[in-house]
Amino acid sequence: MEKIALITGITGQDGAYLAELLLSKGYEVHGIKRRSSLFNTERIDHLYQDPHEKNVRFTLHYGDLTDSTNLIRIIQEVQPDEIYNLGAMSHVKVSFDTPEYTANADGIGTLRILEAVRLLGLTKKVKIYQASTSELYGLVQEVPQKETTPFYPRSPYAVAKLYAYWITVNYREAYGMYACNGILFNHESPLRGETFVTRKITRGVAKIALGMQDKLFMGNIDAKRDWGHAKDYVEAMWLILQQDKPEDYVIATGVTTEVREFIRLAFAELGIVIEFKGKDADEKGYVVSCSNLAYQLEAGKEVVAIDPRYYRPTEVELLIGDPSKSNKQLGWKPKYDLKGLVHEMVHADVDLFKKEKLLQEAGFKVKNQFE
Ligand code: NDP
Ligand code: GDR
């Protein structure tokens, strides 16, 4: 029989890829989206089905992780076989500005889902995936980081996710629920939110090459991350819920790269060679040469500068995951490497901004003064 999945955070990067994957596997997919004053379904519009059609396999419900009555109602109505709890205030820097809300949505929100399943008597029917994160490791205790590495969260986001991690483990142990944590390291794509570092860079590089932006203002470019592609990572989420026993897994590539190197690779993708000079807050990136005739950037042009406003009060300097357990037990291996990821993201943003430039030049779009 067709399985039913419920996804919180369906309008986000991972929600969109996961919905696509589950539909391709024949699932009936339900998603929870928040009400907003502007449309926020751009990433999943291609999956939308008119609810008046017959055999609808993709349905959206209004809801919020801060509202337990609404979660109970939706779970009761949908009767899912699998719940993927991806909804969260997911920006680490923003969590320092909204710590209480982050704790509510990311921490207690997870409890609300688990408790709704318990109260509805669905503990033996529903499998639950919790979107845990490499941010739990925070201040380096061990490298590479694996399932047994001690946690040391370094932001209100990570502390909220720590609660979510343990409450998931607790409900598994206390009530015998199939509830698992995927401890996912950073994963990116052309659908990545615009203010996360990789997308900020690929957007900036595309706009600089097209003459639509002067330079990129960055925070701590010494930080190192283990970056994979979101498409590979949603596959792992699904695999985690298809096992005989519920367990927690690290999902990572096992390769770490400095933010500075990601910037260099992104420019190089367009034939632009840059070199960094200076130290800490005074460091800058300059164009050395540009071999691509489509983009005429002069040698010596300053294209990257540091703005300490993007520094975090407490930083996570180094993340590198050990995916041995998921490789072995789940048979999971990423298909993308960093180069392939950078290639896809940069070219998607070049295409996007070429269109935007055309519209601007034709007078159809006003330049966004806030970008
Ligand atoms: P996004 O920020 O792209 O998406 C977050 C989703 O959560 C959006 O759909 C958002 O809705 C929704 N959301 C936010 N607050 C609430 C709320 N109060 N109630 C209901 N929904 C809410 O994140 P990603 O797709 O990148 O990540 C998915 C999950 O995985 C998150 O939990 C994140 O913390 C976690 N994670 C992500 C990693 C990554 O590298 N991407 C790595 C490890 C963990 P809206 O569109 O309305 O804002
Ligand atoms: P992260 O991702 O905090 O790892 O959380 P992000 O892309 O925001 O930062 C990665 C690293 O880059 C440094 N950095 C900058 N970051 C941003 N956003 N903007 C900048 O200008 C900038 N300059 C340098 C950061 O300081 C950091 O070290 C992501 C989120 O998806 C979480 O939800 C998820 O849990 C973790 O990944 C795993």
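**Domain layout, ligand shell and a C-terminal-domain hairpin**

The domain assignment divides the chain into domain 1, residues 4-184, and domain 2, which is made up of the segments 197-224, 258-316 and 338-361. The model is a predicted one. Taken over C-alpha atoms, the centres of domain 1 and domain 2 lie 32 Å apart. Contact between the two involves seven residues of domain 1 and five residues of domain 2. On the side of domain 1 that touches domain 2, three residues are charged, two are polar and two are nonpolar.

Ligand 1 is surrounded by 26 residues, of which Gly9, Gly12, Gly87, Ala88 and Ala131 come nearest. Two or more residues of this shell are supplied by helix 1 (13-24) and by strand 5 (127-133). Helix 1 contributes the most, with three residues. Sorted by class, the shell around ligand 1 holds 15 polar, eight nonpolar and three charged residues.

Strand pairing was examined for strand 13 and strand 14. Strand 13 covers residues 272-277 and strand 14 covers residues 284-290; the two pair in the antiparallel sense, over six bridges. Ile272 has Cys290 of strand 14 as its bridge partner. Six residues lie between the strands of this hairpin, in which Gly278 adopts a positive phi near 105 degrees. In a regular strand, side chains point alternately to the two faces of the sheet.

Notes:
Residues are numbered from 1 along each chain as its sequence is written. Chains are lettered from A and ligands numbered from 1 in the order in which they are written. This is a predicted model: local features need pLDDT of at least 70, side-chain atom pairs count only at pLDDT 80 or more; totals for chains, interfaces and linings use all residues. A residue is near a molecule or strand if its C-beta atom, placed from the backbone, lies within 6 Å of it. Helices (H or I, at least four residues) and strands (E, at least two) are DSSP runs, numbered from the N terminus. Ala, Val, Leu, Ile, Met, Phe, Trp, Tyr, Cys and Pro count as nonpolar, Asp, Glu, Lys and Arg as charged, and the others, Gly among them, as polar. Two strands pair if DSSP finds at least two bridges between them. Domain bounds come from an automatic or database domain assignment.
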